[in-house]
Every structure is written in C-alpha cells, then in structure tokens.
Amino acid sequence: MNANWSVRALVLAFGVVCNAGSFAQSPPRLVSPEVQNDNRVTFRFRAPNAKEVMLGLEGSKPAPMQKDDQGVWSLTTEPLQPDLYGYSFISDGVAIIDPSNPVMKPNLLNTQSMVHVPGASLPWEVNDVPHGVIHHHFYKSGVIGDERDFYVYTPPGYDARGRQKYPVLYLLHGFSDDASGWTAVGRANVILDNLIAQGKAKPMLVVMTLGYGAPEIVTSSDHDSLREKNQRRFTEALLSEVIPQVEKSYHAATDAKSRAIAGLSMGGAESLLTGLNHLDKFAWVGAFSSGGLGDDFNSQFPGLDEKANRQLRTLWVACGVDDHLIDINRKFRDWLKSKGVNHADIETPGVHSWMVWRRNLAEFASLLFR
C-alpha cells in the first residue's frame, strides 16, 4: 500500500469520526417562542449549568422557568392579549436575549427579543392595504457635533414629483431608544397605513429623529445634570437642522397648523418642552407617559397661559395608570388647568411600555390635522 495514501486515508477517517461525533453531540434546535392557537406562549432556553432562569416578559413580573433533564428551561404563559411583547431570559441574574429567536427589540441599553401574538383588529397588524415608504437619512449635526440619523414615513400615494403638500408629525422616541424605535418596535408606519386606509387619519409625513441633544446622557449615571442640556440642544437641532432638511426634501406643509410633535417618555417631555415653547411652529402636541419634566413647570414653560388656546389645536397628555410616572403627569395636567390651558387628560390601563404607546399613537394620529 502506498504510504502517502495510507496516511491520507487515516486522516480522512479520523476527520469523518470527529465530524460524526460533533453532529451526534449537537443538541436539537429549540423552538422558542412558540405561540399556540389559544394565545398561550411557550418560551424555551437551554442552560444546563444555570441555577435559576426567569422569564422577563413586557407587562408582567419576572416568572420562574422550569428545567428538564436535558438542561432546557421552559415556561408556558396564560393566554396573552394580542400584541407585541419584548422579553428576555434572566439566567442567574443576567438578562439574555433568546438565541432561538431572530426577532429583536432594539435598545441602546437593554436589547430584548420580541414575540408577536397576532390579533386581526390591532392597528399595528400588517394588512392588505396600500403601504407607505420609510426613508432613512443621515447627516452631520453642527449643533451637537456628531453623525446622526432620522427616518421619514411618506404615506401611500406620495409622489415626489407632485405638488401636494402634506402635514407633518414629528414623532420622538424615549430614553435608551434610537431613531428606529418607532418603526422597529412602535410600528408607526403600519399604524399610519391602517388608519389612512380606514379613513381614520389624514395622509401625513412622519419624521422620527434621534432624540439626544446630549448623547452622553445615555451612559451617564448623572442624568439630572445633563437633562437641561439634552433638551435644549435637541430642540435646537430639530428646529434648525431636521425640520429644514425635511421641508427641503419633501412636500411638507410649513405652517404651524400643519405641524405636530409627539413622543413617549423622554420624547414626551421633549414634545411638551419644544411644542409648548414654540407655538408658532406646532399647533398639535402629544405626550405619552412623559418622563424627565421635573415639577418646576413655571420655569420650564414661561409665559404659557390661556392665550395658548388661540394657537393650540390639540394638547394631548396621556399616561398609563400603573406607570411610575403617573403622578408627575397628573401634576402637570393640574398645572395646565390652573393656567387655563385647554388639554385632553388621557389615562389608560398599562405600565411604562410600548404596549401603551402604540395605542397612544393610534388614537392621537387619528385626531391630527382635521
């Protein structure tokens, strides 16, 4: 026998044995999450050496998972209301995304996995209706000194060569989100597609821009010292950079009655502070679970009184009743009442979560530009 052939044969045989062993040792693929017909959801996570694994599911308290003899932890929920849920596995105190699920809920500080429990009547379910287009823009901010981005939703039928002008909603994300939050998690484009198709909302542009005037606030442990700078520079960048770019590139109406601003959490506070202090630019203001206002409303909104009612078409202040920010939102609404400023007090079930804010957007957008 040829010696070289013999060596090659042995090497090949050894490789085959090793590969066969590798395949034999590969654990079976897990299905997770598994949405059942009755809206129960089973989550599975392989961690044979973990001592404890909890399921952290949006809108619920962390719940313990059970381990089988293969080292797979699992939990089946009670039937869930149709919605989109963020979740993570908390393995021995460390939050981990689901390695079996490619659907992500992006976040700068706390990325999670996401599960869809479908429900035909929800405004954010994709339906057989005309769809708008999402455009992604990048620019160098002279105000903030960094490279940043914003998204623009154009409604079905928008024609870049046409002459029709569209009203604009500036829609702001919350703390630790990025500019993609309202499309990736909030499904704002799907909500607008459905509302417009149903005749419940006017065709509009929606601009979703990065909400940090002081980006260092995301990783800082001292938010209080940066809050005013973050808000001030965000407003300056929005008014002097983003809005001019939008109005140059799109058929955007430029009067205050055709501009709205709204946002969630940090973006809710930014909407109030930007909108109510620039009533010459925004006639529609919405705040969803506003966070970061503080309680010195007189200094934050100097000069705001009943005269604002001549310029404001809608001031919409919403918060979930189980949200930790409900008290400050109630104080702010009481202050508005003391100043004679007309506004809508909106309280809904829910905590500080996208499950509340998607519903807020669907309701608020249906009021705009009418």
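E247 is partly exposed, with a relative accessible area of 24% (buried means under 20% relative accessible area, exposed over 50% and partly exposed in between, with a 1.4 Å probe and protein chains only). The model is predicted, so local features need pLDDT of at least 70 and side-chain atom pairs count only at pLDDT 80 or more, whereas totals for chains, interfaces and linings use all residues. Residues are numbered from 1 along each chain as its sequence is written, and side-chain values use heavy atoms, with hydrogens and water left out.

E247 is a good place to start with the charged pairs. Its partner in a salt bridge is R259, with the closest N and O atoms 2.9 Å apart; a salt bridge here is a side-chain nitrogen of Lys or Arg within 4 Å of a carboxyl oxygen of Asp or Glu. E247 lies in helix α4 (residues 223-249) and R259 in strand β15, so the pair ties together parts that are 12 residues apart in sequence. Helices (H or I, at least four residues) and strands (E, at least two) are DSSP runs, numbered from the N terminus. R259 counts as buried, at 8% relative accessibility.

Across the whole structure, the search finds 17 salt bridges. Among them is the one between R148 and D146, where the closest N and O atoms are 2.8 Å apart; R148 is buried, with a relative accessible area of 4%. Another joins the side chains of D38 and R40 at 2.4 Å, N to O. Here D38 is partly exposed at 36% relative accessible area, and R40 is partly exposed at 28%. Salt bridges also link R330, R333, D345 and E347 in a network.

Turning to the nonpolar interior, the largest core has 44 residues, and those with the most contacts inside it are L169, L171, W182, F288 and L361. A nonpolar core is a set of buried Ala, Val, Leu, Ile, Met, Phe, Trp, Tyr and Cys residues joined through side-chain atoms within 4.5 Å. Two or more residues each come from β12 (147-154), β13 (168-172), α3 (188-197), β14 (205-209), β15 (259-264), β16 (284-288), β17 (314-320) and α8 (354-365). The largest share, 7 residues, is given by α8. Leaving aside neighbours within four places in sequence, L169 is in contact (heavy atoms within 4.5 Å) with M204, L205, V206, V207, A260, I261, A262, L361, F364, L368 and F369. Apart from this core lies another, of 42 residues, including Y166, A269, L273 and F301.

The strands β1, β2, β6 and β5 form, in that order, an open sheet with antiparallel pairing. Its edge strands, β1 (34-35) and β5 (66-67), each pair on one side only. Two strands pair if DSSP finds at least two bridges between them; β1 and β2 (residues 41-46) have 2 bridges, in the antiparallel sense. Within this pair, V35 stands opposite V41 of β2.

Some backbone details round off the picture. S32 and P33 are joined by a cis peptide bond, with omega about -5°, and P33 is found in the loop between α1 (3-25) and β1. D92, a residue other than glycine, has a positive phi near 50°. The loop between β7 (83-91) and β8 (94-96) holds D92, which is partly exposed with a relative accessible area of 41%. R187, also a residue other than glycine, has a positive phi near 55° and is found in the loop between α2 (181-184) and α3.
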